[in-house]
Amino acid sequence: MMTDEIVIRRFEKKEAQTVADLICKTLEISNSKDYPPEYIKENIESHSAQVIEDRANESHFYVAVDGETIIGCGGITGYWGSTTESYLVSIFVLPEYQHLGVGRQIIATLEADEYFQRAWRTEVGSSLTAVEFYRKLGYKFKNHVTTPDEFGVVRLEKITGEKPDEE
């Protein structure tokens, strides 16, 4: 499956449609076992090329590339504008590249990013499909809640420092 060494690099705006298509395919195949069709459809609509471009403008957004093919993506941003907390966004890997370490490489890149490094806490809204992936990487259930919230995601977090007294 993998033809070359996987490279993780910053997203380029011209790749927005390719990334949106990657997310669509991943949601349809990988997440359909955990979510009903209407949920998948809503998520696909909320990951359009324009949304990806906007998200990349508000975060440090990366793509995983195998040769010339974009096979994964993910970003990190401040948590609601915070400079001491961060949030992982839109982490997806094409189904045919899952379980090959690509997701781990994306997370390693995000955790090396300045937004992660400056944060005492980083949160991710995980699909049911990906909860165990994040748990293996050291993310814990936020407030010990193991069930999905009203958005259908499970909140996990990684604490890497002491909570500051004030933002």
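This text walks through a sheet, two helices packed on it, and a pocket. The model is predicted.

Start with the sheet. It is open and has 7 strands. Read across it, and the order is β1-β2-β3-β4-β5-β7-β6. The pairing is mixed.

Now look at the edges. β1 (6-10) stands at one of them, and β6 (140-141) also stands at an edge. Each has a single partner strand, so one side of each has no neighbour in the sheet.

What joins β1 to β2? The link consists of 5 bridges. β2 covers residues 60-66, and the two strands run antiparallel. Find R10 in this pair: it stands opposite Y62 in β2.

Next come the helices. α1 packs on the sheet and touches β2, β3 and β4. Its direction makes about 95° with that of β3. α4 lies across β1, β2, β3, β4 and β7 (154-159). This helix runs at about 155° to β4.

Finally, turn to empty space. A probe the size of a water molecule, rolled over the atoms, shows where such space is left. The largest pocket has a volume of about 1,600 Å³. Its lining has 48 residues. Nearest the centre lie I91, G125, S126, S127 and Y134. Several elements give two or more residues to this lining, including α1 (16-30), α4 (102-112), β3 (69-78) and β5 (121-126).

Which element gives the most to the lining? The answer is β4, with 7 residues. By type, the lining residues of the largest pocket divide into 20 nonpolar, 18 polar and 10 charged.

Terms used:
Residues numbered from 1 in each chain as written. Predicted model: local features only at pLDDT ≥ 70, side-chain atom pairs only at ≥ 80, totals over all residues. Heavy atoms only, no water. 1 Å grid on protein atoms, 1.4 Å probe; cavity = no way out; pocket = protein on both sides within 12 Å on 5 of 7 lines; lining within 4 Å. Points joined across faces, edges and corners; volume = space filled by probe spheres on them. Helix = DSSP H or I, 4+ residues; strand = E, 2+ residues; numbered from the N terminus. Nonpolar A, V, L, I, M, F, W, Y, C, P; charged D, E, K, R; others polar. Pairing = 2+ DSSP bridges. Contact = heavy atoms within 4.5 Å. Axes fitted to C-alpha atoms, helices over the stretch in contact; angles between N-to-C directions.
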